[in-house]
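I opened this model to see how its parts fit together. These are my notes, in the order in which I looked things up.

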Protein chains: 2
Amino acid sequence: MNFLEERILKDGIVKEGNVLKVDSFLNHQMDVALLDEIGKEFYKRFSDKGITKILTIEASGIAIAYATARCFGMPMIFAKKSKSVNIDGDMYVADVESFTHKTKNQIIVSKKYLSSEDKVLIIDDFLANGCALQGLISIVKNAGASVDGIGIVIEKGFQNGGRIIRNLGYHLESIAIIESMDAQNSTVTFRS
Amino acid sequence: MNFLEERILKDGIVKEGNVLKVDSFLNHQMDVALLDEIGKEFYKRFSDKGITKILTIEASGIAIAYATARCFGMPMIFAKKSKSVNIDGDMYVADVESFTHKTKNQIIVSKKYLSSEDKVLIIDDFLANGCALQGLISIVKNAGASVDGIGIVIEKGFQNGGRIIRNLGYHLESIAIIESMDAQNSTVTFRS
């Protein structure tokens, strides 16, 4: 069992409807030592890919992507969820449904910060049905850049997002993959 | 002139309507070395305050708060802008108007992560009219905790947010305070 799986068993809370709450250490309150550890782990797994940019989506991906970008010494970009009046000029746009919020959003990245030269590592906190990730991949492809790695903190292995992305040939690594959860008995089983 | 003022002059873009675009290094694409520097600067200015928690608001405050929390070795929390189905239980809530997005939001922090024992450092990227900051202060007060410092990356000194907060007796430090901006001539003048 790795450091993250141990932490999930210690502090994660399983709720009905396959909800895993990790907001005491990952996506509301954040444990900076754990995030540093996650950044190092992604660096270990993708350091040979020639990565030039780290890409994530607001909001809970940002600190994780930053922790990762520090290890790579490369800039990070976060895709924004709605058009801000402070962003003008040309943008890459993709549609994303949110499983958590039951909403549909556009996500945008300024064309200035992704070019066809870029080798991109996509980072996010959760992967379930993969809608956010598909949007991010679509933005990288629109830029003519390449997706050279995808690093996920927690993957819900019983949903099909990860399988689809791997079937498409992407190099996707999740630090913890949950095989099953049981709210009744408060148990989490990881894929080995 | 400090490191941030130099960077703003080099890479910031002044737009009509007193808009300063710093999305090439601060709030869309992020320069991790600069963010590390900002975190260290806040640590230098508030390290004697006995800070126990770093609080910010999604989205662009998150990486800055994380860079700061690393230096303090304390957890960070980010206030969320809308009620997520993954957050239940008791929450502190405040109303916040967004100058940038022309919208009104509720921001929320779980009661689990702020207690009356906490000495809080609030961190954000921009301070203009101060609505977001007022909401964060209100949340800390509702928790019975104390606001022992407020660290802002860029303050628009010609708007009244900073003056109000300082008049109320808070220890507010901004790394760069803009006295005036001129889109016609692309100039930025800092408060010395």
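**Where the chains meet**

I began with the interface: 31 residues of chain A are in contact with 31 residues of chain B. I count two residues as in contact if their C-beta atoms, placed from the backbone, lie within 7 Å. On chain A, the side that touches chain B draws at least two residues each from strand 2 (19-21), strand 3 (29-30), helix 2 (32-46), helix 3 (61-72) and strand 5 (76-79). Helices (H or I, at least four residues) and strands (E, at least two) are DSSP runs, numbered from the N terminus. Helix 3 of chain A gives the largest share of that side, five residues. By type, the side of chain A that touches chain B has 16 nonpolar, eight polar and seven charged residues. Here Ala, Val, Leu, Ile, Met, Phe, Trp, Tyr, Cys and Pro count as nonpolar, Asp, Glu, Lys and Arg as charged, and the others, Gly among them, as polar.

A note on the source: this is a predicted model, where local features need pLDDT of at least 70 and side-chain atom pairs count only at pLDDT 80 or more, while totals for chains, interfaces and linings use all residues. Residues are numbered from 1 along each chain as its sequence is written, and chains are lettered from A and ligands numbered from 1 in the order in which they are written.

**Symmetry**

How is chain A laid on chain B? A turn of 180° and a shift of 0.0 Å along the axis do it, with an RMSD of 0.0 Å. That is the relation of a two-fold axis. The superposition is by least squares on the C-alpha atoms of residues with pLDDT of at least 70 in both copies. I also checked the surfaces: 100% of the interface residues of chain A are interface residues in chain B too, so the copies meet through the same surface.

**A sheet across both chains**

Next I traced an open sheet of seven strands, in the order 11(A)-10(A)-9(A)-8(A)-4(A)-5(A)-3(B), with mixed pairing. Strands pair if DSSP finds at least two bridges between them. Strand 11 (187-190) of chain A and strand 3 (29-30) of chain B stand at the edges with a single partner strand each, so one side of each has no neighbour in the sheet.

I followed the pairs at one end. Strands 9 (residues 146-156) and 10 of chain A run parallel, joined by six bridges. There K156(A) stands opposite I178(A). Strands 10 (residues 172-182) and 11 of chain A run antiparallel, with four bridges. D182(A) faces T187(A) across this pair, and M181(A) stands opposite V188(A). The hairpin has four residues between these strands, and S186(A) takes a positive phi near 55°.

The chains also pair directly. Strand 3 of chain A and strand 5 (residues 76-79) of chain B are antiparallel over two bridges. M30(A) stands opposite M76(B) there.

**Buried residues**

Which residues of helix 2 of chain B are buried? They are V32(B), L35(B), I38(B), G39(B), E41(B), F42(B) and F46(B). Buried means 20 or more other C-beta atoms within 10 Å of the residue's own, placed from the backbone; exposed means 12 or fewer, and partly exposed is in between.

I then looked at Y66(A). Leaving aside neighbours within four places in sequence, Y66(A) is in contact with M76(A), M30(B), V32(B), L35(B), A63(B) and Y66(B).

Last came I154(B), in strand 9 (residues 146-156) of chain B. I154(B) counts as buried because it has 24 C-beta neighbours inside 10 Å.
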